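Open the model in your viewer and keep the selection panel at hand. The stops below follow one another.

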Amino acid sequence: SEVERLDRSIGELLDYARPHMFAKKVIDIIGIIRKAILLIDSDAKEGGVTISENFQMNECTVQGEEDRLIQVFLNLILNSIQAMPDGGTLEINVDIIDEKVIVTVTDSGVGMEQDLMEKIFDPYFTTKTQGTGLGLSLTAKIIEDHGGSIVFRSEKDRGTEAMVTLPV
């Protein structure tokens, strides 16, 4: 297990440090999110987490790389599930506003204090015993590579909201 952890850590470090060029393709962001939910569904059920989808449309396309965007939403959803050790609700919304796709992932978890919020994108910063501290750094980099942005709002004991914005 230690070798696997180190391998994962080195892989994440290389992904973070290496400039990433990708061929942009038209992809359905709702399909990407549904794949991520499907991959993590057993973890959600095991943790007593209910996932609620609120999509304003059946399809929503962006230019990007499917595997990397799946990685983004897997990370955000998994972080939310882990922030709800006693179960809870995870809500995922997709909207289009001013030619931008807005994906909001909101959990009813433990939330974070402001001093932690300021560090969440710092490489190697983690509050998890098994974490590498590269998940959100890599997530932010992938979103930035796609011409988007990511913003977090959180309140201790009241949950966290991650808002991803991507160009249509």
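**Stop one: after α5**

Select Gly147. Just after α5, this residue takes a positive phi of about 80 degrees. Helices (H or I, at least four residues) and strands (E, at least two) are DSSP runs, numbered from the N terminus.

Before going on, note that the model is predicted: local features need pLDDT of at least 70, side-chain atom pairs count only at pLDDT 80 or more, and totals for chains, interfaces and linings use all residues. Residues are numbered from 1 along each chain as its sequence is written, and side-chain values use heavy atoms, leaving out hydrogens and water.

Now step back to α5 itself, residues 135-145. Eight of its 11 residues are buried, so the helix is largely enclosed by the rest of the structure. Buried means under 20% relative accessible area, exposed over 50%, partly exposed in between (1.4 Å probe, protein chains only). Colour Leu136, Ser137, Leu138, Thr139, Ala140, Lys141, Ile142 and Ile143 to see the buried set.

**Stop two: the open sheet**

Select five strands in the order β2-β4-β5-β7-β6; they form an open sheet with mixed pairing. Two strands pair if DSSP finds at least two bridges between them. β2 (49-55) and β6 (149-155) stand at the edges with a single partner strand each, so one side of each has no neighbour in the sheet. On average, neighbouring strands here are turned by 15 degrees against each other, direction ignored.

Zoom in on β2 and β4 (residues 88-97): they run parallel, joined by seven bridges. Pick Asn54; its bridge partner in β4 is Asn93.

**Stop three: α2 and α3**

Add α2, residues 29-46. This helix lies across β2, β4, β5 (100-107) and β7 (159-167), at about 170 degrees to β2. Axes are lines fitted to C-alpha atoms, for helices over the stretch in contact (heavy atoms within 4.5 Å); angles run from 0 to 180 degrees between N-to-C directions.

Next add α3, residues 66-82. How far apart are the axes of α2 and α3? They lie 9 Å apart, and the helices pack at an angle of about 40 degrees. The contact includes Ile33, Ile37 and Ile40 of α2, and Phe73 and Ile77 of α3.

**Stop four: β1 and β3**

Select β1 (residues 25-28) and β3, which run antiparallel and are joined by four bridges. Ile27 stands opposite Val62 in β3. Which residues of β3 (residues 61-64) are buried? Val62 and Gly64 are, pointing to one face; Thr61 and Gln63 point to the other and are not buried.
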